[in-house]
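Trainee: Could you walk me through this one? I'd like to start with how the strands are put together.

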Amino acid sequence: MLRKSIPFALAMLVFAAACAPSAHDEGSIETVTLPSPDSPLVAVHLLFKVGSMHDPAGKQGLAALTGMMVGDAGTSEHTYSELIDLLYPMASDIEVDTDREITVISGVAHSETLADYTDLLTEAVLEPRFDERDLSRNKEQLMAYLTTTLRATNDELLGLEGIQQAIFNDHPYKNSSAGTVEGLESITVDDVKSFYQQHYTQANLMLGVGGGYSEDYLASLKKTLSALPAGEASDSVTLPEPTPVEGRQFTLIEKETDSVGIHFGHALPINRSNPDYYPLMVANSYLGEHRTFHGRLMQQLRGKRGLNYGDYSYIEYWHLPPLTTTPSPGYPRNQQYFSVWVRPVVPTTAHFALRDAIYEVDRLLERGLTQEEFELTRDFLINYSKLWAQTLSDRLAVLMDSMYYRMPYYIDEIETRLNGLSVEDVNAAVKKYLQTDDFHAVMVTNNAAAAKAYLEADQPSPMQYNSDPDPEVIEDDKTIQAIAVNPASIEIIPVAEMFQR
Amino acid sequence: MCNKLLVALAVLGVTVIAVAPASAEDEIFPYTIHEKTLDNGLRIVVIPYDSPGTVAFMTAVRTGSRDEVEPGHSGFAHFFEHMMFRGTDKYSGDEYNDLLKRMGADSNADTSDDRTRYYLTGPAVELETMMDMESDRFKHLDYSEEVFKREALAVLGEYNKNISSPFLPMWERLRELAFQQHTYSHTTMGYLDDIKAMPDYYDYSLGFFARFYRPENSVLLVVGDADPEEVFTLAAKYYGDWEPGYQEPTVAAEPPQEEHQESHIDWPAPIRPYLMAGYRIPAFSSETVDTAALGIIEQLLFSESAPLYQQLMVEDQWVDSLQTINFDHRDPYLFTIFSRIKSNDLVPKVQAAIDEHIQKLQDELVDAEYLERVKSHMRYSFALGLNSPDALRDVIGTYLWVTGDPSEVNRIYAQYQKVTPEDIQRVARETFQPNQTTTVTLSYPASDEAATGATTGAGR
């Protein structure tokens, strides 16, 4: 029960780290720290460099399932139910998240419960129970995600996975991080044990600790984690270049739906550790910063034409948890891609919306940014990016991502790099890295045959508005409606085949 | 324990709750709340917080879909939220967006049953600009009929993006069955037919702005690197001439529910079945322990540690998702359960298990030690959640629109402190009555075998 002695004055939570973040390589565990001595909270992140790209053939989903058998299952000392009971009064979770390259086991605890929490967290990581019932439950969770959440209840997540499958076909990134239905079905407890023993090693671990912890705490935690086998780094797996796309290749995912969602894009040869990423970041923000109203795509497709709810562009993978507007840390990927996302439109405007989005990318390619647009966008990003890591846990995750990419703290790097840019740098990067001649496009639709027919016919797709649009819209539409989409190929995939094997 | 990959399921929000002693010096909320009300009735709340260089700024209008009393206008409060970004004489929509971009703010708005809120988080040095641009649109919003009609299409697009989830049709059905008189009978998104008719209501929209977007129906909240006196001075400068004139709508009271309501929705594609059950509950109140007791019951039944959750999720593994929707409301509302079940044949078994555990709460006093564990969880959950200016904005914001008073946070948590096993039993008996329950199920109308196939490899 709450007593006066309990320090509820949590106002001491320091927003910006009181001390500089740092990375060490003491012993064999790579460690990242973000001390904030006055904070009553401590965040602990264990980043293992193993993700769905390391799933063995036929066992797609093994990395995610292994992560859950560590972070969402029992330990040798406690059943899963007992573990939950122990964690519950602290209101701290053991969170687990597997992406293409990494798996993060993490949590935040109050300093009052930190010792007990840490015991449970390390117990989970060092001594997984590998219980059959835990396997069955976690497998069901992943299966339900693939077969119901993605296939049947969330067209937008479906499209997001679809465009990645198209761009990274024949690449270790192809499958959802949750794996495939047949892959999951084939996974046994022995598979999980073997995968754990191979990949949950000191060599694969990056430890992150942030907040009001002591040096003794950190030393003790590292000592405990040194019980992991030394192992060998599994990030040495070769990451091939995605197969280059030739022409505009369409995938139509057919399912029951009232609207049409559209993505198109192509692989990029750079990520945020490359200096060229930053001029491209300015151009992308100008074109379609996620969930803002000032990107060109948003202004033109939604603002001036009322086509849908939102239109954005990206130069790296965007994780899409509900309701967030800024990029989520914790999903570093060495191989990135450019993409445009047109949120669901009514079927009668899908052809036009696709053309309009292509038109906007082409416009960017042809005219670039003006000096004024460049300065406005650059200054926006420098300020806006400071909001991307408001919580202790997010700041620690951004720092660990940065270490993963072997680069300075990302948000500082944005300011440094952007302050050194000119509009010419930005426009050169656009021409160097973006294009619309060769891309993959994915459309989620209930009538793929009709979509295929209008894409192949490539006839003009004039808009019918419910009110008089601006004169410049009428003028631009004459061009947009007749843009040759010229698809190189069109493949129809019934949604039931998605994520199957 | 939580898998972030699966978090797409958990879109329904979480009730943030905790406990606190009653004495002022031990109030749960650890930050000082500064308040002032302007002559025109606008309330300003400032909470200094250690976020160097950053403030979270919010305007809440205490009008939401609850206020859509005229037939055929469901969803209008939400639609109007969109119109608020369409500019004024001083700052056109494009200029408003340019200002936001110039300051690097994170900005958006959302609407729910009881309110519409507009928020931006950005540099503290831009606070005066925020006051200027925000006050301007609340005083002088101006848009053409063409722009109005176009924006209605964006709302239709929003409906279209949401309707691919079974949640929205189930939510629509549950509410229209549970409420016959009160406007909580429709969702905030509104009915599709009403959304399609929106382009014809330009004149209605002007009246909507004039009736509801008034200072005495609104509140400003500033959290972060801000001096309260400076905020009050700026607010007086920019909002002082906002003319009052709020016309409170007459929202019909909902009579007691007489009998159990149930309905089923067929889904056109293979899917795991869903169960939604709503129980009528009183309006939010910190005057008694009842709201707090219900918050604790939510934990006793549906937290990860709860026996029911353990049975359904961990032991029997009949469900892969079990959530509650329990947001504080101005008027009597619903405590709602939402679950995704492994196969069609298990739906009645899951319903029976839920009923059984509710019955146990009604029949037996909850163990005092277990109750203390729940209160500990709530206390730490509250503490861990106050981790950014935006988080504080969200915690305090709820009370600003439910009762208008940010100090509710301390009063309600004082009530949590007082909840006894007897309170739990009494509130469980009063709330979970068959005649106060509405149940909606959704499934693919094939055989159980086919529906199960959806989970294990349909379309192979």
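Mentor: Before the strands, one term: two strands pair if DSSP finds at least two bridges between them. Keep in mind, too, that this is a predicted model.

Trainee: OK, so how many bridges join strand E9 to strand E11 in chain B?

Mentor: Strand E9 (residues 274-281) and strand E11 (residues 333-341) of chain B run antiparallel and are joined by eight bridges. One of the partnerships is that of Tyr274(B) with Arg340(B) in E11(B).

Trainee: And what packs on the sheet there?

Mentor: Helix H11 (residues 347-363) of chain B packs on the sheet, where it touches E9, E10, E11 and strand E12 (437-443) of chain B, and its direction makes about 135° with that of E11(B).

Trainee: What's the strand order in that sheet?

Mentor: It is an open sheet of five strands in chain B, with the order E8-E12-E9-E11-E10 and mixed pairing. Strand E8 (261-266) and strand E10 (319-325) of chain B are the edge strands, each pairing on one side only.

Trainee: Switching topic: how many residues are in contact between the two chains?

Mentor: On the chain A side there are 91 residues in contact with 85 residues of chain B. Helix H4 (residues 132-153) of chain A gives the most to the chain A side, with 12 residues, and that side as a whole divides into 45 nonpolar, 26 polar and 20 charged residues.

Trainee: Which residues touch the most other members of the largest nonpolar core?

Mentor: That core has 279 residues, and those touching the most other members include Ile262(A), Met443(A), Leu221(B) and Ile297(B). Helix H11 (residues 350-367) of chain A supplies the largest share of the core, nine residues. As for Leu221(B), if you leave out residues up to four places away in sequence, its contacts include Val45(B), Met58(B), Arg393(B) and Leu400(B).

Trainee: Which residues of helix H2 in chain B are buried?

Mentor: In helix H2 (residues 93-103) of chain B, the buried residues are Gly93(B), Tyr96(B), Asn97(B), Leu100(B), Lys101(B) and Met103(B). Their cover includes helix H12 (371-384) of chain A, along with strand E5 (106-111), strand E6 (116-123) and helix H3 (127-140) of chain B. Just after H2(B), Gly104(B) takes a positive phi of about 70°.

Trainee: Last one: where in chain A is the pLDDT below 50?

Mentor: Chain A averages a pLDDT of 92, with 93% of the residues scoring at least 70, but over residues 1-21 of chain A the pLDDT is below 50. That stretch has 48 contacts in the model beyond near neighbours in sequence, yet where pLDDT is low, the predicted coordinates should not be read in detail.

Notes
Residues are numbered from 1 along each chain as its sequence is written. Chains are lettered from A and ligands numbered from 1 in the order in which they are written. This is a predicted model: local features need pLDDT of at least 70, side-chain atom pairs count only at pLDDT 80 or more; totals for chains, interfaces and linings use all residues. Two residues are in contact if their C-beta atoms, placed from the backbone, lie within 7 Å. Helices (H or I, at least four residues) and strands (E, at least two) are DSSP runs, numbered from the N terminus. Ala, Val, Leu, Ile, Met, Phe, Trp, Tyr, Cys and Pro count as nonpolar, Asp, Glu, Lys and Arg as charged, and the others, Gly among them, as polar. A nonpolar core is a set of buried Ala, Val, Leu, Ile, Met, Phe, Trp, Tyr and Cys residues joined through C-beta atoms within 7 Å. A residue is buried if 20 or more other C-beta atoms lie within 10 Å of its own, exposed if 12 or fewer, and partly exposed in between; C-beta atoms are placed from the backbone. Axes are lines fitted to C-alpha atoms, for helices over the stretch in contact, and angles run from 0 to 180 degrees between N-to-C directions. pLDDT is the predictor's confidence in each residue, from 0 to 100.
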